[in-house]
Amino acid sequence: MTAPSLDTLLRDSELAPHLRAAALKVKDGQRITPEEGLMLYEEAPLGYLGALANHIRERKHGDRTYFNRNFHVEPTNVCLYTCTFCSYSRRIKKREDGWEYSLEDILDIVRQYDEQPVTEVHIVGGVLPQYDVAFYSDLFRRIKAHRPDLHVKALTPVEYHYIFKKAKISYEEGMRLMKEAGLDSMPGGGAEIFAEEIRDQIAGGKCSGEQWLRIHEIWHELGMRSNATMLYGHIEEYRHRIDHLEKLRALQDKTGGFQTYIPLKFRNANNELSHLPETSVVEDLRNYAIGRIYLDNFDHVKAYWPMIGRTTAQLSLAFGVDDLDGTIDDTTRIYSMAGAEEKNPALSTEDLVKLIRAVGRQPIERDTLYGVVADYTDVEFAGDKEYRGYTALPVV
Ligand code: SF4
């Protein structure tokens, strides 16, 4: 499934005037308004959205499609909070069913990757009192002392808000301490949906949308980078998604510190919102495309392939996505517990490269800050040679 080019779309004399106006803005590199964004969610067909989003994606990146080699560490899946969409947390009342790693346990996991060509460790998990400022400062320092070149991407404003409050320090002081300890960047999680009327229902008690944005702002002011997510497809309406995107775009105008926008699909297994249906693949692709169109000041849009499956991930590359997350031996359990498409999301570099090449894109291994580690466009794998070298003899 691919969309027409933007020029082909604009040649269609039957294109509705308001859709034509938005398409022309995209062609001219202009920004669309919140009203136009809402109109796109409510009315725009998939092919139209693909044409606009792919135009932006190719203007920014051509066929380049990024991935990085990282591993995940989840210190605990026990959590004080009770987010209704969360399938991951063993609530504090069921603590014995979960895991709570010590500092040494986590360092053991890091050491398991000593011989692996990974560039990043991604650390995120539940919120518990023993995981405090001292614990994480110590952890980041120890990881850096052990492997200085490993990029530490860790914790979200959900954890930072909690640990700084507990330590009675300001966000500014807290983020400075984290930076000094070795934190390199922040992942995009915990954003969910910023609008209070929705956030209170699905993620009550944890940091507010304003606090999430403020912590990222402070981090950016320290000269550092982070990502942003949006959890969609539960009880929110389109207007809440636009409100969310608008707040991200406004902060990005101010700081320029976001690298990547990652839409996260709500999955309904094993949580309190299991009665809700999940969004269709068409809606997922529409959502990627609108994110790409709306966030004109974000460089990258990423799809987390274990959550949506390999085929939808391939399709997403024609709807604004330029980055696929989840590479070799993906160790996160967050999405598999929520009913993700891939129960055991391990894909070798070769498999991921071939998945990207199969849809005509150019696979680029990157580091966390999008420095190019390797261009796999023309790389041949050992198996390819064996395969190509084999010629079946005629049976006589
Ligand atoms: S989403 Fe995060 S903060 Fe909410 S319950 Fe799950 S682990 Fe805790």
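The domain assignment splits this protein into domain 1 (6–61) and domain 2 (64–375), with bounds of this kind coming from an automatic or database domain assignment. Before we go further, note that this is a predicted model, in which local features need pLDDT of at least 70 and side-chain atom pairs count only at pLDDT 80 or more, while totals for chains, interfaces and linings use all residues. Residues are numbered from 1 along each chain as its sequence is written.

Let's start where the two domains meet. Their C-alpha centres lie 28 Å apart. Domain 1 brings 19 residues to the contact and domain 2 brings 22; two residues are in contact if their C-beta atoms, placed from the backbone, lie within 7 Å. On the domain 1 side, the elements that give two or more residues are helix 3 (34–43) and helix 4 (46–61). Helices here are DSSP runs of H or I with at least four residues, strands are runs of E with at least two, and both are numbered from the N terminus. Helix 4 gives the most to this side, with ten residues. By type, the domain 1 side holds eleven nonpolar, four polar and four charged residues. In this count Ala, Val, Leu, Ile, Met, Phe, Trp, Tyr, Cys and Pro are nonpolar, Asp, Glu, Lys and Arg are charged, and the others, Gly among them, are polar.

Stay with helix 4 for a moment, and find Ala51 in it. Ala51 is buried, because 25 other C-beta atoms lie within 10 Å; the cut-off for buried is 20 or more, exposed means 12 or fewer, partly exposed is in between, and C-beta atoms are placed from the backbone. Leaving aside residues up to four places away in sequence, Ala51 touches Ala3, Pro4, Ser5, Leu6 and Leu9.

Now move to a pair of strands. Strand 5 (residues 120–123) and strand 6 run parallel and pair over four bridges, where pairing requires that DSSP finds at least two bridges between the strands. Within this pair, Val121 stands opposite Val152 in strand 6. Between the two strands the chain passes through helix 6 (residues 133–146), making a right-handed β-α-β crossover: with the strands pointing away from the viewer, the path from the first strand over the helix to the second runs clockwise. In a regular strand, side chains alternate between the two faces of the sheet. Both faces of strand 6 (residues 151–154) are covered, with His151 and Lys153 buried on one side and Val152 and Ala154 buried on the other.

Finally, look at helix 12 (residues 281–294). Eleven of its 14 residues are buried, so helix 12 is largely enclosed by the rest of the structure. Among them are Asp284, Arg286 and Tyr294.
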